[in-house]
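Student: I'd like a close look at one part of this model, with the strands, the turn and the backbone angles spelled out. After that, go on to whatever else is worth having open in the viewer.

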Amino acid sequence: MRRLLPAVDVALFAPLAEPFTYLWPEGLGRPETGIRVLVPLGATAQRMGVVERVHAVDLENAAGLKPVADRIDALPLLPDGYRRWSARLAAYYLARPGARWETVLAWAGDEGRRRYRLRDGALLRALDPELADLFGTGRRIRTQQRLCARVGGPHPCWRLRRAVEQGAVEEVIDPLPTPPAGEEGRAIRLNQDQERALGRLSGARGAFGCHLLFGCTGSGKTEVYLRAAEQVIADGGQVLVLVPEIGLTPMWMARVAHRLGRVGLWHSALDPRARHAVRMRLGRLDAVVGTRSALFLPLPRLGLIVVDEEHDASFKQQEGVPFSARDMAVLLAQELGIPVVLGSATPSVESWWQAERGRYRLLELPRRVGGGGGVATEVVDMRGSGSLLSDALKQALEETRRSGGQSLLYLNRRGYAPALHCTACGGQPECRHCSARLTLHRRRALLCCHLCGWQRGVPDRCEACGEQALVPLGAGTERIVELLAEALPELRVARLDRDAAASMEQRISLLDRFAGGEIDCLIGTQMVVKGHHFPRVTLVGVVQADLGLNLPDVRAAERWWQQLTQVIGRAGRGDRPGRTLLQSYQPDHPWLQRLGEEQARAILRQELANRRAFGAPPFSRWVRLVYSAVREGRALEAARNARDALEGRLPGVRLAGPVPCVLERINRRYRFELLLRDASRRVLPWALAPLLQRLGRLPSGVRCKVDVDPLEMM
Ligand code: ADP
Ligand code: ZN
């Protein structure tokens, strides 16, 4: 008679193409898809993986199979909607099974840190005497890691889980942090535009729909999100708010926590216990505010997703599975049949196009609430000036200080100077591991590579020609602070960037000091720009307004416009009128002249026309393959092999490359790229997976990054 043994296919959290089959041993309960297990790999190692399929094997075929070592989850982690969505996500971004689950289930990690305490000693003794011995009689808290390491028999995790399920042991979960007191107590009456937008959102509840909320900074978008969220929560639903950056979460928590009830905060820098406190409460929360990883938290009653600052490139993950949290939020909403709102003052060209062709619904807030003071923008011609700070800017800073206002200076470049330059031979110290110049950090007396982090001391003479002729070239935030101290000694200046304020606490405290008026002028990188609301800021200066405009990237102009518009939007948010000064070496650039928010439509339309003319996204779908290896020849050869395998097999897709990437070498690895362009948008990326699979494994030492809808073209 045929004898069948229960078996499971497990996708390991490892870079493997296929799931492996394991036997399902007795004593682990009923096998289920979607639970995590520990399985043996090789002679001694154990790996975590996810059960993808439950089946049975013939006794004869079972000979080479090993049994699952332990079961981690009692129940599948993802409800059906999330599971279907994550499968679509994985297919779209060509994620292998292990990488898929590593990304999708990252929120559930930290298993070893879970903490337990004895609840019912007698019950535990009857259930599992060995565990009972470990717990003793006290109520001491023990971590899963230690408990599992000490359990002698098989399946330690599963035994612990069972003890919890039976009520013999309880898991210790921290309370959610008490939200900061409400920032805005006063009841706000929505203006007409807001009413109309909210009305459209209310009418769209309970069904999929993507809404693009387009409103200038300070037009009251947040208030619209909040009202829509309140309605969903009042109906028993949950709301997910995605923000592009960790730095924006405290502000959001301050604004929403007291309005939305039980709110969980989620981002990658959260400590493990705070994370755990959130993930154990997913069913009981009213809302989650977080960065892109929050998208994966399976909220059982999710009724609305908000993506704030939807244009922000931080929504695209660069490591692991390079997915766009914005686009995947839309896909999730579709899978769950709920509305999603994308909000921005400077929508991405992609989203704008979707609105133009009727896929997304456009909701507009064309005016600032309360009017604000308005902003006057001036372009300062820097050609031939030879200095980094113009007299006009210095004067404006001084006037602002005297009149009791505050100023923001924007320069998206850390450090003292982006290069050291030898005036004798023209040489510039480069990173040993990257094709990049080293940035001078004068305070720390270091040259640093901003690509790989490599550092070295500052040489006192040029290493190419031996002359003592090295001078800093160009400026970073550190240098501007120095220049300001010389030129305007009375101005109280502080710097806000990753060097000056590495931790969240430092950032918050600096921003608090600025808000409290202890600082006259804050100079910084993107960190000073995103989302902050400082009513006393009347002057915004952009030190180098052309920076980023001329990068070799289709999105360079778009991104530059978005950043500058955000910067300018920081001025004149209070009652007093704002003023912006843009220092530029291309003062005649047409976009510089029309940066005001009223011009957003015109710029978007023009950019769409450009993209259409060049067949660039969104009028085609791009996939970028970057092959890299320490040995240059290997990377190139792998890229060539890929080209040969793909050539002619993707109908309608144009294939370019391999060519060296703009950044030819990063972190010791040489990089070559292939660019696939699909004007039909129907073939890619789906047709690519089987072709790449047929290519087989990459030669050792070679890596390939498959980037669907790439935002980084460097
Ligand atoms: P956005 O998100 O578009 O930048 P916010 O929602 O942050 O704009 O609104 C800017 C400021 O205006 C906030 O302080 C907010 O409380 C306030 N505000 C929003 N809507 C109204 C309204 N209808 N009446 C008065 N103040 C409002
Ligand atoms: Zn480097």
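Tutor: What follows starts with one strand and its partners, then moves on to other parts of the chain.

Keep in mind throughout that this is a predicted model. Let's start with strand β29, residues 669-678. Of its 10 residues, 8 are buried, so β29 is largely enclosed by the rest of the structure. What does β29 pair with? One partner is β27 (residues 621-629), which runs antiparallel to β29 and is joined to it by 9 bridges. Another is β28 (residues 653-666), also antiparallel to β29, with 8 bridges between them. Leu675 is a handy residue to click on in β29. It is the bridge partner of Arg624, and it is the bridge partner of Ala656 too.

Now go to the turn. β28 and β29 form a hairpin with 2 residues between the strands. Asn667 sits in that loop, and its phi is positive, near 50°, in a residue other than glycine. Arg668 lies in the loop between β28 and β29 as well, and it has a positive phi of about 75° although it isn't a glycine. How accessible are these two? Asn667 has 44% relative accessibility, so it counts as partly exposed. Arg668 comes out at 42% and is partly exposed too.

The peptide bonds deserve a check as well. Gly657 and Pro658 are joined by a cis peptide bond with omega about 5°, and Pro658 is itself part of strand β28. On the other side of β29, there's a cis bond from Leu684 to Pro685, with omega near -5°. Pro685 is in the loop between β29 and α20 (688-695).

Next, the zinc ion, ligand 2. Its protein donors are the SG atoms of Cys431, Cys434, Cys449 and Cys452, at 2.2 to 2.3 Å. The angles between these 4 donor atoms run from 105 to 113°, and that makes the arrangement tetrahedral. Along the chain, the donors follow the spacing C-x2-C-x14-C-x2-C. Look at Cys434 and Cys449: they link distant parts of the chain, 15 residues apart. Cys434 is in the loop between β18 (419-422) and β19 (439-441), while Cys449 is in the loop between β20 (446-448) and β21 (455-457). Both Cys434 and Cys449 are buried.

Another stop is an open sheet of 6 strands with parallel pairing, in the order β16-β26-β25-β17-β24-β23. At its edges are β16 (375-381) and β23 (493-496), each pairing on one side only. From one strand to the next, the twist averages 20°. Inside that order, β25 (residues 537-542) and β26 (residues 578-584) pair in parallel over 4 bridges, with Leu539 standing opposite Arg579 in β26. Helix α13 (residues 391-402) packs on this sheet, touching β16, β17 (406-410), β24 (521-524), β25 and β26. The direction of α13 makes about 155° with that of β26. Helix α15 (residues 504-515) packs on the sheet too, where it touches β17, β23, β24 and β25 and makes about 145° with the direction of β23.

Last, a helix pair and a serine that touches residues from it. The axes of α16 (residues 556-568) and α18 (residues 600-614) come within 11 Å and cross at roughly 170°. The two helices are therefore roughly antiparallel to each other. On the α16 side, the contact involves Ala557, Glu558 and Trp561; on the α18 side, it involves Ala600, Ile603, Leu604, Glu607 and Arg611. Where does Ser348 lie? It is in the loop between β14 (339-344) and α12 (349-356). Ser348 is buried, with a relative accessible area of 3%. Leaving aside residues up to four places away in sequence, Ser348 touches Glu310, His311, Arg326, Glu558, Gln562 and Leu604.

Methods. Residues are numbered from 1 along each chain as its sequence is written. Chains are lettered from A and ligands numbered from 1 in the order in which they are written. This is a predicted model: local features need pLDDT of at least 70, side-chain atom pairs count only at pLDDT 80 or more; totals for chains, interfaces and linings use all residues. Side-chain values use heavy atoms; hydrogens and water are left out. Donors are N, O and S atoms within 2.8 Å of the metal (3.2 Å for Na, K and Ca); water is not among the atoms, so sites may look incomplete. Four donors count as tetrahedral if all angles lie between 85 and 135 degrees; four count as square planar and six as octahedral if opposite donors are over 155 degrees apart and all others between 65 and 115; anything else is irregular. Buried means under 20% relative accessible area, exposed over 50%, partly exposed in between (1.4 Å probe, protein chains only). Axes are lines fitted to C-alpha atoms, for helices over the stretch in contact, and angles run from 0 to 180 degrees between N-to-C directions. Angles under 35 degrees count as roughly parallel, over 145 as roughly antiparallel, 65 to 115 as roughly perpendicular and the rest as oblique. Contact means heavy atoms within 4.5 Å. Two strands pair if DSSP finds at least two bridges between them.
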